Amino acid sequence: AYPAMGVTQTLTSSAASYTVLNAAPQATMSPAVASIKEGESVTVSITGASDASQVDQQAGFSYSYDLDNDGVYETVGGASITVDAGHLPDDGQYTIHAKVQDKDGGSTVLSTVVNVENVAPTLSADGAVSSAEGAVYSLNLNAFDPGTDKVSQWVVQWGDGQVDTFFGTPNLAAHQFVQDGAKTIQVTAV
């Protein structure tokens, strides 16, 4: 139907401005808590990464990691990385953060806790299998700790009733056996 003659019809329209905000991707980090021993590494993974936008979902995500809990995401990698012992240098609790980011810059920060258990140092004491009565016997001392612990003293029980304590990190312990016979030497580090 057309308007009647002499009747004016006015059409109006209005535009509205509307902004669609980017939604950050969602994901989880596993394991939520990990326990390892000094010197070991741990693998952490981002799982279930998704985005409300199918376009962002199809474009994929970028993953970055803060391995030293300083707020800087210095390691870029895939959805899974292995954190080596260099980033977990001693027994204690460490927090590792991960950032999942979509193509539009939306990001989600996740974290996991790694508990590092202390490991006793591995000791070695090497010396000759025999020595002459009255001669000086030398025993080489070495310790390895996968963490940052240091041996502060060595206690050597020479097997003849004599016990010597060596402070610090000596490489050599010496003793003079004045009586012949089989001896069992016991070494302890503190």
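## Charge and surface

In this predicted model, the chain carries 5 positive and 21 negative charges, and the mean positions of these two sets lie 3 Å apart. The chain exposes about 11900 Å², of which carbon and sulfur atoms supply 51%. Buried residues account for 27% of the 190 residues in the chain.

## Overall form

The secondary structure of the chain consists of one helix and 14 strands. The radius of gyration is 34 Å, whereas the globule rule gives 16 Å for 190 residues, and the chain is therefore more spread out than a compact globule. Taken along the principal axes, the box filled by the C-alpha atoms comes to roughly 135 × 25 × 20 Å.

Of the contacts in the chain with a separation of 6 or more, 56% are accounted for by residues 24 or more positions apart.

## Asn22, ahead of strand E1

Asn22 is found in the segment before strand E1, which covers residues 26–30. With a relative accessibility of 35%, Asn22 counts as partly exposed, since the partly exposed class runs between the 20% and 50% limits. The side chain of Asn22 is joined to the side chain of Asp102 by a polar contact of 3.2 Å. Setting aside residues up to four places away in sequence, Asn22 touches Asp56, Asp102, Asp104, Gly105 and Gly106, and Asp102 thus appears both in this list of contacts and as the partner in the polar contact.

Asn22 can also be placed relative to a distant part of the chain, for Asn22 and Ser138 are 116 residues apart in sequence and their C-alpha atoms are 72 Å apart in space.

## Two backbone features

The peptide bond that runs from Ser30 to Pro31 is cis, with omega near -5°, and Pro31 is found in the loop between E1 and strand E2, the latter covering residues 33–37. A second feature concerns Asn69, which has a positive phi of about 60° although it is not a glycine. Most residues other than glycine have a negative phi, and most peptide bonds are trans.

Asn69 is found in the loop between strand E4 (62–66) and strand E5 (75–77), and with a relative accessible area of 46% Asn69 is partly exposed.

## Strand E9: Ser124 and Gly127

Strand E9 spans residues 122–127 and contains Gly127, and Ser124 has its place in strand E9 as well. Ser124 counts as partly exposed at 27% relative accessibility, and Gly127 is partly exposed with a relative accessible area of 40%. Leaving aside neighbours within four places in sequence, Ser124 touches Asn140, Leu141 and Asn142, while Gly127 is in contact with Tyr137, Ser138 and Leu139.

Two distances help to place this strand within the chain. The C-alpha atoms of Gly127 and Gln9, which are 118 residues apart along the chain, are separated by 111 Å. Ser124 and Gly159 are 35 residues apart along the chain, and the separation of their C-alpha atoms is 17 Å.

## His175 and Lys183

His175 lies in strand E13, which is made up of residues 172–176. At 9% relative accessibility His175 counts as buried, because the buried class takes in values under 20%. The side chain of His175 makes a polar contact of 2.8 Å with the side chain of Asp160. When residues up to four places away in sequence are not counted, His175 touches Ala135, Val136, Tyr137, Trp158, Asp160, Gln162 and Asp164.

Lys183 lies in the loop between E13 and strand E14, the latter formed by residues 186–189, and at 30% relative accessibility Lys183 counts as partly exposed. Its contacts, again without residues up to four places away in sequence, are with Trp158, Gly159, Asp160 and Phe177. Lys183 and Gly159 are 24 residues apart along the chain, and their C-alpha atoms are separated by 5.1 Å. Trp158 and Asp160 are therefore touched both by His175 and by Lys183, where touching stands for heavy atoms within 4.5 Å.

Definitions and conventions: Residues are numbered from 1 along each chain as its sequence is written. This is a predicted model: local features need pLDDT of at least 70, side-chain atom pairs count only at pLDDT 80 or more; totals for chains, interfaces and linings use all residues. Side-chain values use heavy atoms; hydrogens and water are left out. Helices (H or I, at least four residues) and strands (E, at least two) are DSSP runs, numbered from the N terminus. The radius of gyration is taken over C-alpha atoms; the globule rule is 2.2 Å times the number of residues to the power 0.38. Buried means under 20% relative accessible area, exposed over 50%, partly exposed in between (1.4 Å probe, protein chains only). Accessible areas come from the Shrake-Rupley method with a 1.4 Å probe; for residues, only the protein chains shown count as cover. Lys and Arg count as positive and Asp and Glu as negative; His and the chain ends are not counted. The place of a charge is taken as NZ of Lys, CZ of Arg, CG of Asp or CD of Glu. A polar contact is a pair of N or O atoms within 3.5 Å; within protein, one must be able to donate a hydrogen and the other to accept it, and residues adjacent in sequence count only if both atoms are side-chain atoms.
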